[in-house]
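Hi,

Here is the structure I promised to pass on. Have a look at it first, and then read my notes below.

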Amino acid sequence: MNRPETSQRIYPEQVLQPLDLDAAFGNNHRPIELDLGSGKGRFLLARAQAHPEINYLGIDRMLRRIRKVDRKAERNGLNNIRLLRMEAYYAVSYLIPAESISAYYILFPDPWPKKKHHDHRLFNPRFIDALYRTMKPGAPVHIATDHLPYFDEIVDVMRAHAERFEETEAWEPTEEERTDFELLFIEHKPIGRATFIRKG
Ligand SMILES: C[S@@+](CC[C@H](N)C(=O)[O-])C[C@H]1O[C@@H](n2cnc3c(N)ncnc32)[C@H](O)[C@@H]1O
């Protein structure tokens with residue numbers, strides 16, 4: 001199939017088996033950081049711009065958002081971004097290779113506030129297994145949300161896996177790295193932040 005050579009996107013026919021992430025980034029063997037639920041990409045683009053020595057993978061299920069970030073990455077000449085339109089749990093469980101990720105950013109995941117929808121929340125024991133499998137030993141997962149009940153649930157579920165993850169001081173973004181969602185809330189809502197390191 002003809003694909004534009006300049007596109008940052010990873011296409012469906014490439015996602016039926018674990019991804020060769022290093023090849024997707026041109027075999028430059030740089031560390032790979034993953035923004036799960038990358039949305040409109042403010043964080044991903046700023047981070048990739050500031051850290052050309054790191055490769056950034058953005059995953060989101062909304063095609064419109066993936067396309068928007070793709071266009072901006074191309075316009076800004078960022079060759080260290082790749083984008084995957086995919087359901088987050090599937091991607092982390094089946095497509096991301098073991099011990100391949102140097103840092104995860106899970107920033108403002110959908111909180112599914114209604115109790116009857118809590119099953120849709122990303123953080124559950126199966127997701128934690130997948131997260132752990134894909135992180136390099138010593139890699140951090142940075143979490144932020146404005147939904148404090150969900151924040152408490154996330155922290156509880158991560159702390160319940162203390163044999164695998166160690167809690168450390170929470171990561172704080174720079175001004176440029178604040179996500180699109182964070183900018184909506186920063187003035188008038190407290191934000192819960194936590195960072196956990198994968199043990200060896
Ligand atoms: C509340 S937004 C936050 C976006 C971005 N991280 C930010 O802070 O601006 C949540 C994002 O996660 C994506 N998303 C939600 N559930 C997802 C899932 N199960 N798989 C992949 N993406 C998902 C949505 O499409 C949306 O772009």
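**Helix 4 and what surrounds it**

The buried residues of helix 4 are covered by, among others, strand 2 (32–36), strand 3, strand 4 and helix 5 (125–134). The buried residues in question are A88, A91 and V92, in a helix that runs over residues 88–95. Looking down the axis of helix 4, you find them within an arc of 90°, so they line one face of the helix. Keep in mind that this is a predicted model.

**The overall picture**

Stepping back, the protein has seven helices and eight strands. Its C-alpha trace spans about 45 × 35 × 35 Å along the principal axes. For 200 residues, a compact globule would have a radius of gyration near 16 Å, and the protein agrees with that at 16 Å. Of those 200 residues, 34% count as buried. If you take the contacts with a separation of 6 or more, 78% of them are between residues 24 or more positions apart.

**Helix 3 and the glycine after it**

Helix 3 (63–75) comes before the loop that leads to strand 4 (81–85). The 13 residues of helix 3 should span 18 Å at 1.5 Å a residue, and the end C-alpha atoms are indeed 18 Å apart.

Which residues of helix 3 are buried? They are I66, V69, D70 and A73, so an aspartate is in the list too. They cover an arc of only 105° around the axis, which puts them on the same side of helix 3. That fits the usual pattern: an α-helix has 3.6 residues a turn, so residues three or four places apart point the same way. R64 and R75 are exposed on the other side of helix 3. As for partners, the buried residues of helix 3 pack against strand 1 (9–10), helix 2 (42–50), strand 3 (55–60) and strand 4.

Just after helix 3 comes G77, with a positive phi of about 65°. G77 sits in the loop between helix 3 and strand 4. Is G77 buried or exposed? It is exposed, with 7 other C-beta atoms within 10 Å. For a sense of distance, G77 and T145 are 68 residues apart along the chain, and their C-alpha atoms are separated by 30 Å.

**The loop between strand 5 and helix 5**

This one deserves a look at the backbone. Most residues other than glycine have a negative phi. In the loop between strand 5 and helix 5, F108 goes the other way, with a positive phi near 60°. W112 is found in that loop as well, and the phi of W112 is also positive, near 45°.

How exposed are they? F108 is buried, with 20 other C-beta atoms within 10 Å. W112 is partly exposed, with 15 other C-beta atoms within 10 Å. P113 is in the loop between strand 5 (103–107) and helix 5 too, and P113 counts as exposed, with 11 C-beta neighbours inside 10 Å. P113 and T179 are 66 residues apart in sequence, and their C-alpha atoms are 20 Å apart in space.

**Helix 6**

Helix 6 (residues 148–159) has 12 residues, and the distance from its first C-alpha to its last is 16 Å, close to the 16 Å expected at 1.5 Å a residue. The buried residues here include Y150, F151, I154 and M158. They cover an arc of only 105° around the axis, which puts them on the same side of helix 6. On the other side of helix 6, P149, D152, D156 and R159 are exposed. The buried residues of helix 6 pack against strand 6 (140–145), strand 7 (165–168) and strand 8 (192–198).

**Around the ligand**

Last, the ligand. There are 16 residues around it, and G37, G39, A88, T179 and F181 come nearest. A88 is also one of the buried residues of helix 4. Which helix gives the largest share of the shell around the ligand? That is helix 7 (residues 180–185), with three residues. By type, the residues of the shell divide into five nonpolar, four polar and seven charged.

Best wishes

Technical notes. Residues are numbered from 1 along each chain as its sequence is written. This is a predicted model: local features need pLDDT of at least 70, side-chain atom pairs count only at pLDDT 80 or more; totals for chains, interfaces and linings use all residues. Helices (H or I, at least four residues) and strands (E, at least two) are DSSP runs, numbered from the N terminus. The radius of gyration is taken over C-alpha atoms; the globule rule is 2.2 Å times the number of residues to the power 0.38. A residue is buried if 20 or more other C-beta atoms lie within 10 Å of its own, exposed if 12 or fewer, and partly exposed in between; C-beta atoms are placed from the backbone. Two residues are in contact if their C-beta atoms, placed from the backbone, lie within 7 Å. The expected span of a helix is 1.5 Å times one less than its number of residues. The arc is that of the directions from the helix axis to the C-beta atoms. A residue is near a molecule or strand if its C-beta atom, placed from the backbone, lies within 6 Å of it. Ala, Val, Leu, Ile, Met, Phe, Trp, Tyr, Cys and Pro count as nonpolar, Asp, Glu, Lys and Arg as charged, and the others, Gly among them, as polar.
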